[in-house]
Amino acid sequence: MAQDDVPQENRPQDVVPAQGGDDPALRRRVSDLEREEVADILRDAAGEGRLSYTELEDRLETLYASKTYGELVELTADLPTGPRAQNVPSTTPQYGGAMVETGPVINVFMSESKRMGNWLVPQRQEVNAVLGDVTLDYTEAQIPFDEITIDVKSILADVKIRVPQNAIVLLDSNPILGSVSEQEAGLKAVPDPNAQPTAPKRFHIRGTAILGEIKIKRGPRLSKRLGLT
């Protein structure tokens, strides 16, 4: 049945149809990973009471049928976080994913969580680790923000944060029978002569370690520095 044939009272009232306009960024096709990122934002909003269960169901149904970035923008237009329309100059690097200001909280209990490789970095990230291991590797990630904030609580856990070699780290540590440390890479990678120089990103890291350990390291992993991967 065509959309125009659906009775008005049966149409979802909370989802605004996507408006691609003439902006190529809004017409860009989205990936399954980007849909999942927005799904997490919608579920968090429902948990905060911003969306009813029915609204969440309607938006998730629309989300998984969406094909363009503009549709993702419309789905979260009335929420404080989520993808947004970008009007950036052509000289600014373009990123393939939906820019997210606040990422889903990483909660680890007697388990392991890793963010490595080419992943899209949110501007703010919270990590709660208890009796587990967390790795956040920003050296190969897409970082659309100049300032990144990371809040970490490590309780009997091991948290590793690897930042780009030229990153500016502003560390606020609070170890309680634990350790929060910043380490330099022992062996620097050979510079890529074809790589474009980039301005350093600023990482605001607040770390609380209770009988746990938080390590901030610089530069790519050893296998990367040795050219093994």
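The following exercises, with worked solutions, concern strands, cores and salt bridges in a predicted model.

Residues are numbered from 1 along each chain as its sequence is written, and side-chain values use heavy atoms, with hydrogens and water left out. Because the model is predicted, local features need pLDDT of at least 70 and side-chain atom pairs count only at pLDDT 80 or more, while totals for chains, interfaces and linings use all residues.

**Exercise 1. The sheet**

Task: State the strand order of the open sheet and name its edge strands.

Solution:
1. Strands are DSSP runs of E with at least two residues, numbered from the N terminus.
2. Two strands pair if DSSP finds at least two bridges between them.
3. The open sheet has 5 strands in the order β2-β4-β6-β10-β8, with parallel pairing.
4. β2 (112–115) and β8 (179–183) each pair on one side only, which makes them the edge strands.
5. The twist averages 5° from one strand to the next; axes are lines fitted to C-alpha atoms, and angles run from 0 to 180 degrees between N-to-C directions.
6. Between β8 and β10 there are 5 bridges in the parallel sense. Q183 has K217 of β10 as its bridge partner.

**Exercise 2. The surroundings of I214**

Task: Place I214 in its strand, decide whether I214 is buried or exposed, and list its contacts.

Solution:
1. I214 belongs to strand β10, residues 213–218.
2. Buried means under 20% relative accessible area, exposed over 50%, and partly exposed in between (1.4 Å probe, protein chains only).
3. I214 has 0% relative accessibility and therefore counts as buried.
4. A contact requires heavy atoms within 4.5 Å. Leaving out residues up to four places away in sequence, I214 touches V152, S154, V159, S179, V180, S181, G207, T208 and A209.
5. V134 is 80 residues from I214 in sequence, and their C-alpha atoms are 9.4 Å apart.

**Exercise 3. Nonpolar cores**

Task: Find which residues have the most contacts inside the largest nonpolar core, and which strands supply at least two residues.

Solution:
1. A nonpolar core is a set of buried Ala, Val, Leu, Ile, Met, Phe, Trp, Tyr and Cys residues joined through side-chain atoms within 4.5 Å.
2. The largest such core has 26 residues, and Y138, I150, I161 and F203 have the most contacts inside it.
3. At least two residues of this core come from each of β1 (106–109), β3 (124–130), β4 (133–137), β5 (147–155), β6 (158–163), β9 (202–210) and β10.
4. Beyond its neighbours within four places in sequence, Y138 contacts W119, V121, Q125, I143, I150, I161, R162, V163, P164 and F203.
5. Another core lies apart, with 15 residues, among them L51, L63, Y69 and V73.

**Exercise 4. Salt bridges**

Task: For the side-chain pairs R28 and E34, D146 and K201, and E147 and R202, give the N to O distance and the exposure of each partner.

Solution:
1. A salt bridge is a side-chain nitrogen of Lys or Arg within 4 Å of a carboxyl oxygen of Asp or Glu. The whole structure has 11 of them.
2. R28 and E34 meet at 3.4 Å. R28 is partly exposed at 25% relative accessibility, whereas E34 is buried at 4%.
3. D146 and K201 meet at 3.5 Å. D146 is in the loop between β4 and β5 and K201 in the loop between β8 and β9, 55 residues apart. D146 is exposed at 53%, and K201 is buried at 16%.
4. E147 and R202 meet at 3.2 Å. This pair links strand β5 to strand β9, 55 residues apart. E147 is partly exposed at 33%, and R202 is partly exposed at 30%.

Technical notes
Helices (H or I, at least four residues) and strands (E, at least two) are DSSP runs, numbered from the N terminus.
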